[in-house]
Amino acid sequence: PVTFTMTAPEQWQSTIDLSLQSQILSTENASHFRLQTLSSQLPLVIKSAPSHWVIEGTADMNAHRLHVGADDQAAAGLVFERVQSQLPLRITSTALTSPDLHLQAQAVRWQPGTDTPITSPLDLRTSIDINLQRQQVEAKNLVLDLPALGRITGGSAWQWTTGTAQDVH
């Protein structure tokens, strides 16, 4: 469903409830990507004013399996099982922010070719700010838990035009 409302002269607001249901979603290019049994909800609120606009919402996604890597399921790559994610979004003409991005997988399997696969649950939390004017991505409060392997915490800013990372910790 979509609603559209004029809130004042030259200002409006619209709400859109997007949903995606798919059995298989895949790309077949240099890096293989395949999602099985995807369910996603993305309610959005779009606000416009004479000098700016804002899009806000939270994407909720559930997938049975996500495979990233070689095109053969038995070859090297990452396989995420029973994935759930929550991605709050705020988009303007100059920035995209996601405070408290959360991704969970009941099992993550790294398949490095013929070696024994490494399997662990996964829990990832972070906040991401993408500043289009400074051409910079910043990850804050990063916590990556892989109980079978350990925990990574930290953050960094990466400027994509120069390829440099700053404030890495």
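How many bridges join strand S3 to strand S4, and in which direction do the two strands run relative to each other? In this predicted model, strand S3, covering residues 32-48, and strand S4, covering residues 53-69, are joined by 14 bridges and run antiparallel. The passage from S3 to S4 is made by a hairpin of 4 residues, and the pairing can be followed down to individual residues, since Ser48 has Trp53 as its bridge partner in S4.

From S4 the reader can move on to strand S5, which spans residues 77-91 and is joined to S4 by 14 bridges, again in an antiparallel arrangement. Within this pairing, Ala59 has Leu87 of S5 as its bridge partner.

Side chains add further links between S4 and S5. Side chains of opposite charge can pair when their charged atoms come close. Glu56 and Arg90 form a salt bridge in which the closest N and O atoms are 3.1 Å apart; because Glu56 belongs to strand S4 and Arg90 to strand S5, this pair ties together parts that are 34 residues apart in sequence. Both partners are partly exposed, Glu56 with a relative accessible area of 30% and Arg90 with one of 38%. A salt bridge is also formed by Glu81 and Arg65, with 2.8 Å between the closest N and O atoms, and since Glu81 lies in strand S5 and Arg65 in strand S4, the parts tied together here are 16 residues apart in sequence. In this pair Glu81 is buried, at 9% relative accessible area, whereas Arg65 is partly exposed, at 25%.

Strand S5 also holds two residues whose surroundings can be described in detail, Val83 and Ser85. Val83 is buried, its relative accessible area being 3%, and, beyond its neighbours within four places in sequence, Val83 is in contact with Met61, Asn62, Ala63, Leu66, Leu103, Gln104 and Ala105. Of these residues, Leu103 stands 20 residues from Val83 along the chain, yet the C-alpha atoms of the two are separated by 7.3 Å. Ser85 likewise counts as buried, because its relative accessibility of 18% falls under the 20% limit. When neighbours within four places in sequence are left aside, the contacts of Ser85 are Ala59, Asp60, Met61, His102 and Leu103. Met61 and Leu103 are thus among the contacts of Val83 and also among those of Ser85.

Further along the chain lies strand S7, made up of residues 118-131, in which Asn131 is found. Asn131 counts as buried, with a relative accessibility of 18%. A polar atom of the Asn131 side chain lies 2.9 Å from the backbone nitrogen of Gln133, and, apart from neighbours within four places in sequence, Asn131 is in contact with Thr94, Gln136 and Trp160.

How many salt bridges does a search of the whole structure find? The search finds 6, among them, besides the two pairs described for S4 and S5, one in which the side chains of Arg125 and Asp123 meet with an N to O distance of 3.9 Å. Arg125 is partly exposed, at 35% relative accessibility, and salt bridges that share partners join Asp100, Asp123 and Arg125 into one network.

How values were computed: Residues numbered from 1 in each chain as written. Predicted model: local features only at pLDDT ≥ 70, side-chain atom pairs only at ≥ 80, totals over all residues. Heavy atoms only, no water. Buried < 20%, exposed > 50% of the residue type's maximum accessible area, 1.4 Å probe, protein only. Polar contact = N/O pair within 3.5 Å; in protein donor to acceptor, adjacent residues only side chain to side chain. Contact = heavy atoms within 4.5 Å. Pairing = 2+ DSSP bridges. Salt bridge = Lys/Arg side-chain N within 4 Å of Asp/Glu carboxyl O.
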